[in-house]
Amino acid sequence: LFRIFGHAEITYYFVPIFSSALLIISVYLLGKKMFSRTTGLISAMWMMFIPGMLIDSGQLLPDGLATACSVLGFVFLISGDHHRNKKWMMLIAGALFGWSYLSKEYFVILYLLVPIVFWIYRIPLKLLFPFSIGFLIVIGLEFSINLINYGNPLVRFMTTNPREIWGYKI
């Protein structure tokens, strides 16, 4: 982003504003897919004026991006069974859930909802395989980057203690 916008405020605000816009669009799509177009519109309008959304859309925090990726992942998951490219939709849903995990680890609790969505929408279990592949591609990419940069693919789990990463004596 620095190469595009330079050292300006837009560089700082781009990710939070993009995340907020993506979340509002994702909430609309999820409401439309699950209930009706009116529900989607009301939900999206409601999201635009929630105080937390107004505050977070101006701060560079991972919560907005993680939430947007999770909600969009559910949109792809629910609409994936009715789409002609079911496997690609599930692959994208898995990748979005992987990205939400990388943005904010505690979003892993949402993965408990995935089997419930499969059951409620009667999605064939064979589509769980491309979903898992999408998730593992994103996680594998992060492991590869960590292995190249730090020499340890699990460096994310050791970041609370810098001595374990760099060998510093504190």
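Me: A pair of helices counts as roughly parallel at angles under 35 degrees, roughly antiparallel over 145, roughly perpendicular at 65 to 115, and oblique for the rest. How are helix 2 and helix 3 oriented to each other?

Reply: Happy to start there, with a word on the model first. It is a predicted one, where local features need pLDDT of at least 70 and side-chain atom pairs pLDDT 80 or more, while totals for chains, interfaces and linings use all residues. Residues are numbered from 1 along each chain as its sequence is written, and side-chain values use heavy atoms, without hydrogens and water. Helix 2 packs against helix 3 (residues 37–48) at about 155° (from 0 to 180 degrees between N-to-C directions, with axes fitted to C-alpha atoms over the stretch in contact), so the two are roughly antiparallel.

Me: And what distance separates the axes of helix 2 and helix 3?

Reply: Helix 3 covers residues 37–48 and packs against helix 2. The gap between their two axes is 7 Å.

Me: What pattern does the protein chain follow along the sequence?

Reply: Helices here are DSSP runs of H or I with at least four residues, strands are E runs of at least two, and both are numbered from the N terminus. The protein chain has nine helices and zero strands. Read along the sequence, the pattern is therefore α-α-α-α-α-α-α-α-α.

Me: What share of the protein chain's residues counts as buried?

Reply: The C-alpha atoms fill a box of roughly 60 × 40 × 30 Å along the principal axes. Buried means under 20% relative accessible area, exposed over 50%, and partly exposed in between (1.4 Å probe, protein chains only). Of the 170 residues in the protein chain, the buried share is 36%.

Me: Which residue has a positive phi although it is not a glycine?

Reply: Most residues other than glycine have a negative phi. The one you want has a phi of about 50° and is found in the loop between helix 7 and helix 8 (128–150). With a relative accessible area of 69%, it counts as exposed. The residue is Arg122.

Me: Is Ile109 buried or exposed?

Reply: Ile109 lies in the loop between helix 6 (86–103) and helix 7 (113–120). Its relative accessible area is 55%, so Ile109 is exposed.

Me: What distance separates the C-alpha atoms of Ile109 and Phe35?

Reply: Along the chain, Ile109 and Phe35 are 74 residues apart. In space, their C-alpha atoms are separated by 24 Å.

Me: How does Ile10 count in terms of accessibility?

Reply: Ile10 has its place in helix 2. Because its relative accessibility is 40%, Ile10 counts as partly exposed.
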